[in-house]
Amino acid sequence: MRKHLQFFFSFRFMGLLFALLVISMATATFIENDHGSRAAFELVYGSVWFEILMVLTMINLAGRLIIDRLYRKEKISVMLFHLAFIIIILGGGITRYFGEEGTIHLREGETKDYFLSHIPYLQAEVINDSGEVADQHHQAFSVTLITEDSYRHTFSLAGEKFTLEYQGYIEDATKIKPHAPRREDPMTDAMVFEITGPAEAQDIFLWMNDREVKPAAFSHDGHILRIDYGSRHISMPFSLQLKNFILERYPGSGTPSSFKSKLLLNDGRQDKHVQVSMNNVLKYQGYRIFQDSYDKDEKGSVLAVNHDPVGMIFTYTGYGILFLFIIISLLNPNSLFRKITAGRWKQTAIKSGLVLIILASGISGLQAQGWAPQEEVAHEFGKILVQDRNGRTKPIYTLSHEILRKVYRDDQYKGLGPVQVFMGIMFDSNRWLNEPLIKVSDENIREMAGLQGEYAAVSDLVNLQTGEYLLQQQVQAIYNKTPATRNKPDKKILKVDERLNIVTMIVRGDLLKIFPVEGDPHNWISPFEDSLHAPGVGDSVFMSGSMENIFMSVKSGKVKQAIQQIQKLKNYQREHAGYELPSSSKVQAEIFYHKSGFYGKLFPLYMTAGFLFLIILIYNLLHGQKPHRWTLILMIALMSAGLLVHTAGIGLRWYIAERAPLSNGYETMVFISWVAILAGLLYARRSPLALASTALLAGFTLMVARLSFMDPGITALMPVLNSYWLTLHVSVITASYAFLGMGAVLGLICLILFILIKPSNRDNILSTIRELTVINYKSLTLGLYMLTIGTFLGAIWANESWGRYWGWDPKETWSLISIIVYSFIIHSHKIQAFRSLFAFNTLALFGLSSILMTYFGVNYYLSGLHSYAGGDPVPVPAMLYFTVAALLILAFFARVKTNKL
């Protein structure tokens, strides 16, 4: 019995629980993608067996706390870690069973003292012959495509017992159930119940469709049993009246910058005027009210309600203890993080991540055939401000830079800058439509258009005389498909079509929104639109003739006159804009930011230096030599210089955007790269190999940031993202990816070193592997700490923004999976089967797959709050399969080699 009890509290049982949790949660995210969040909750998150797993995990953690006597002074940090998760799980249980959440929909002037529950209920009530409610019963009830709950309850009607039992959900019930009553309305689906009493049993149909439910009723001797399905009314100890809803937008855009509800709160004693907006929560008597959404006519507001005071106290206490543990663990000289040595692992035995080397390429600078302005004029023209469609006012240089990168896939065209190309297309479209500007990467499209190279001119795709479009039929056929059914060739055709449309929009002037509109200065127009919106006749003439005056001045060689015209235009913008425009210094900074191309220069530096340094270090290692002192100094100097430039780029983007540059995939990849270089420099003195590996990681990360699916544009923030919790959450969690990525690269290097072991270099290489493994452990530990803090900071952000700290969104779930995966890796040396240098480094390498799934997989393959693809299938790069196969083969040969040691 004692032996079984010991296993119950053992690290092996903990590992088994971790594996079961990871598998079940990962499966749930795919169930949610295919069948909806409710199905995932019913089958996994809300199931009894999943709750048992959570309780067993809590018991295992509590058992380790007692068995290992973690309450000792020297073990205080580890005790806090176990205690934190125990309290967090308890808090989650309290929230699960006692917390309430839902929504209030208010129109202006409307008052309510209740909210509608988030989860649906079956609600039944007995109304006696006096019209009073004699009995009622409600039960949380869910029906999905693949799950349905059960329901059975007995009621008393006129002194007789009747049992109501759920039979099932039937689509188009009138066809399947011959005795079902015929419907004249669109409600053809039904939840079918059987009611059994003294007389013969009969069916009751609760009719519904996607939008509404029609209550059903059963009568007996003047008593009525009424059945309904949907959200339950939950009373509040106060009422809310919507006095006014206010929506603010970014200039020139329909994109909301903020929205808020002005409310009158009445608790029976007093009236209070309060305001709720995104990230501004109303807290009152244990209730928390959040701004959720609004009606299309902007006359109504939807508020989210959360009532979970006890669960939140437990959960936040757990978060606080967890953060305290991490601080103490880093400072405590007796912690395993500070005292870890290679003796924790044996010399031998498991699995593996990622290193790719990409060479940069350039394009020769030839002279363009189409007209282009002088560089001096283009520089000034690029300072003119333009409104984009996403609510941001930016220099024309930024717009033209983004266009050239999207259309031509480069920062220059035949030696011409982006503004020169933009002005050339706009002012001399006849010749520029024959310039091969449009990138066509697909060979089939190139053959169809008869192209010799990878670029097409507009005239290659469109007959300029007849207007016939070469890809018209293909594009129309693709748009007739749903996004989920579009294949890879379809998406390549749409890419070419998008690039062609951008060029034609430049020709038409659709993108050049540079003039404020009279009466609506927030919405600007182009010089080619109706200038009747101008304040006066003079303004109208100026607006309609501005571009022509600039063009004629440039074409006749009058550069100073052209610059004067441009300056007048800039002055006009600042005089008539209805909002604060970016300052001249900010415009100059933004142009400098794009011209400098910080990251385009850094990623070849990082990758080349990292690769060469790694080759030198491995060569020295195989020959029993130490790296030359000046080689290390040169590498540190190069990476330090790179880090300074990298920091300047991030700081400049922060200044331009007026927010932390951490709001999209591109910005977070740049930040991960920055942290990777910083981590490498921190470990450089301990192990030069760590610096080489992080240089490669940083270069690869920056290279991925420059790929086509990453949008480098500076965008306006959605209201929910305008929170300091976002900066804390994203910066910490993305920094963790750098340390975990560093661990994967170090694991890969260790596997390579295992394969390179010979009798002549055995001791030297094993000594290096031990050293790298210690660094790897510390890197993974730091990464795990940051990942944990970042994940729970995200939970706090979610709780402060929309009232729930955990909703099993796929991103949240995979973050938790990653925490569990790396917790297992960190503890793996305590399990006999994994107590080897090989096992730890292999786990470190393949553990990165959970991070890649969290960062890329969720965003592009699963549906959820954090998703970019909305669950539509995205082709998996073929290189990924080859990479995984190569790493598995590498791990196999490394394993074979370790068996011979």
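Below, two colleagues talk through side-chain contacts, helix packing and backbone angles in a predicted model.

Colleague: Let's begin with the charged side chains. How many salt bridges does a search of the whole structure find?
Modeller: Happy to start there, with the reminder that this model is predicted. A pair is counted when a Lys or Arg side-chain nitrogen is within 4 Å of a carboxyl oxygen of Asp or Glu. Over the whole structure, the search gives 24.

Colleague: Take E51 and R96, then. How many residues apart in sequence are the parts that this pair ties together?
Modeller: E51 and R96 form a salt bridge, with 3.1 Å between the closest N and O atoms. E51 belongs to helix α4 (residues 48-67) and R96 to helix α5 (residues 76-98), so the bridge ties together parts of the chain whose separation in sequence is 45 residues.

Colleague: And R96 itself: which ring does it lie over?
Modeller: R96 has a relative accessibility of 35%, so it counts as partly exposed. Besides its salt bridge with E51, R96 has an aromatic contact, at 5.0 Å from the ring centre. The ring whose face it lies over is that of Y97.

Colleague: Nice. Which ring has the charged end of R232 over it?
Modeller: For an Arg, the atom that matters is CZ, which has to be within 6 Å of the ring centre and within 35 degrees of the ring normal. The charged end of R232 is 4.8 Å from the centre of its ring, and that ring belongs to Y121.

Colleague: Now the bridge between R269 and D267. Which partner is buried?
Modeller: Their side chains meet with an N to O distance of 3.1 Å. R269 has a relative accessible area of 65%, so it is exposed. With a relative accessible area of 9%, the buried partner is D267.

Colleague: Which residues do salt bridges with shared partners join into one network?
Modeller: Here the bridges have partners in common, so to speak, and link up into one network. Its members are R107, D295 and D297.

Colleague: What about R659 and E667: are they buried or exposed?
Modeller: The side chains of R659 and E667 meet in a salt bridge, at 3.1 Å from N to O. Buried means under 20% relative accessible area. By that rule R659 and E667 are both buried.

Colleague: Let's move to the rings. How many aromatic pairs does the count come to?
Modeller: A pair of rings is described by the distance of the centres and the angle of the planes. For pairing, the centres must lie within 6.5 Å. The count comes to 34.

Colleague: What is the geometry of the pair W49 and F50?
Modeller: W49 is partly exposed at 41% relative accessibility, whereas F50 is buried at 2%. Their ring centres are 6.0 Å apart, and the planes make an angle of 90 degrees. Planes over 60 degrees apart set the class, and this pair is edge-to-face.

Colleague: Which residues does the cluster of ring pairs link?
Modeller: Ring pairs can join up, and here they form a cluster. The linked residues are F592, Y593, F598, Y599 and Y666.

Colleague: On to helices. How is α10 oriented relative to α19?
Modeller: The axes of α10 (residues 396-407) and α19 (residues 584-596) come within 9 Å and cross at roughly 25 degrees. The crossing is left-handed. Angles under 35 degrees fall in one class, which makes α10 to α19 roughly parallel.

Colleague: S400 lies in α10. How far is S400 from V419 in space?
Modeller: S400 is buried, with a relative accessible area of 2%. In sequence, S400 and V419 are 19 residues apart. From C-alpha to C-alpha, the distance is 5.6 Å.

Colleague: And how does α15 run relative to α16?
Modeller: Helix α15 (residues 472-479) and helix α16 (residues 488-508) have axes that come within 10 Å and cross at roughly 120 degrees. Their crossing is left-handed. The angle makes α15, relative to α16, oblique.

Colleague: Last, the backbone. What is phi of A158?
Modeller: A158 is in the loop between β4 (152-157) and β5 (160-170). At 32% relative accessibility, A158 is partly exposed. Its phi is positive although the residue is not glycine, with a value near 55 degrees.

Colleague: And phi of D221: what is it?
Modeller: D221 lies in the loop between β9 (216-220) and β10 (223-249). D221 is exposed, at 58% relative accessible area. Phi is again positive in a residue other than glycine, near 50 degrees.

Methods: Residues numbered from 1 in each chain as written. Predicted model: local features only at pLDDT ≥ 70, side-chain atom pairs only at ≥ 80, totals over all residues. Heavy atoms only, no water. Helix = DSSP H or I, 4+ residues; strand = E, 2+ residues; numbered from the N terminus. Buried < 20%, exposed > 50% of the residue type's maximum accessible area, 1.4 Å probe, protein only. Phe/Tyr/Trp six-rings, centres within 6.5 Å; stacked < 30°, edge-to-face > 60°. Axes fitted to C-alpha atoms, helices over the stretch in contact; angles between N-to-C directions. Parallel < 35°, antiparallel > 145°, perpendicular 65-115°, else oblique. Left-handed = near helix turned anticlockwise from the far one by under 90°.
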